[in-house]
Amino acid sequence: MPRRNESFADLLLQSPWWVSAALGVIVCVLMLLAPALWPVHDSISQAFTKEISKLAPLAMLFFGLFSLGSYWFGKMRGRLIDKQTGLESLRQTPWKQFEFLVAEAFRRQGYGVEFSLNRGADGGVDLVLRKDGRTSLVQCKRWKVFSVGPSVVREMFGLMTAEKAHEAVIVTTGRFTAEAQSFASGKPIRLIEGPQLLALVQSVQTGPHPSPKESPIPAPDAAAVPACPNCGKPMVIRTARRGRNSGNLFWGCKSFPACEGTRDK
């Protein structure tokens, strides 16, 4: 699948902060060494290479600003996901921040995530996930009341087929209609409803969590957490990503991927 048409600025902001910093150092060094690296004999070319070397601090400043922006952008996505207290707080998240939140949740699961910073709402594919040689197209629906119908699922299935992706993923804070679920059945389409999304977010949150005001999926009592049938370690609630149980919750070993033990939820 071809990469999305993103600007150089978008790519820098989505990359780790050190990418911009490293590029800044490399470009700055090349500009400072321009007179020595490209020796010329005519006066015009000599003047040109000297002027390039004088612009090296500006290049460093340019990439430094993007390094700071990338660092802030990563911190913002982290705060977005860590401050969620329940399904209602997910539904109150502004639509673009909701995409960032979903992207960060998948990133913390080990996915490479591509998304655009300047697109409007509801533009078809919102995120592209890459992991283990597989590509997944994601559409995010931050709907407070409405259920997602079959037309949205058909559209994503068509995009997935056209782009030769391995999977289509539709994430909503609401629900999917019976018709939408019926169309997705047996296809490489993952439907993530509000409760499953909340479980995903809670499974990747870090640091001290705020006290939830409401939670449709109560945290399991410590005594009720089963032990892994393979290694005996405590298990955590996960969401099935593919197969006939896609979107359903199950118990998975806390040591995954080192241990792949599972139990039914």
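This passage describes aromatic pairs, lysine–ring contacts and strand pairing in a predicted model.

Four aromatic pairs are present in the structure. In one of them, Phe62 and Phe63 meet edge-to-face, with 5.1 Å from centre to centre and 90° between the planes of the rings. The two partners fall into separate classes of accessibility: Phe62 has a relative accessibility of 38% and therefore counts as partly exposed, whereas Phe63, at 9%, counts as buried. An edge-to-face arrangement is also found for Phe106 and Tyr111, for which the centres are 5.5 Å apart and the angle between the planes is 90°; both Phe106 and Tyr111 are buried. Beyond the individual pairs, Phe62, Phe63 and Phe66 are linked by ring pairs into a cluster.

Aromatic rings also take part in contacts with a charged side chain. Lys187 is placed over the face of Phe183, at 4.3 Å from the ring centre, and Lys187 likewise lies over the face of Phe157, where the distance to the ring centre is 5.9 Å.

Turning to the strands, S6, which covers residues 235-239, pairs with S7, which covers residues 249-253, in the antiparallel sense and over five bridges. Within this pairing, Met235 has Cys253 of S7 as its bridge partner. Strand S7 is also paired with S8, a strand of residues 262-264, again in the antiparallel sense but over three bridges, and here Trp251 stands opposite Arg263 of S8. Strand S7 thus takes part in antiparallel pairing both with S6 and with S8.

Conventions:
Residues are numbered from 1 along each chain as its sequence is written. This is a predicted model: local features need pLDDT of at least 70, side-chain atom pairs count only at pLDDT 80 or more; totals for chains, interfaces and linings use all residues. Side-chain values use heavy atoms; hydrogens and water are left out. Rings of Phe, Tyr and Trp (its six-membered ring) pair if their centres lie within 6.5 Å; planes under 30 degrees apart count as stacked, over 60 as edge-to-face and the rest as tilted. Buried means under 20% relative accessible area, exposed over 50%, partly exposed in between (1.4 Å probe, protein chains only). A charge sits over a ring if NZ of Lys or CZ of Arg is within 6 Å of the ring centre and within 35 degrees of the ring normal. Two strands pair if DSSP finds at least two bridges between them. Helices (H or I, at least four residues) and strands (E, at least two) are DSSP runs, numbered from the N terminus.
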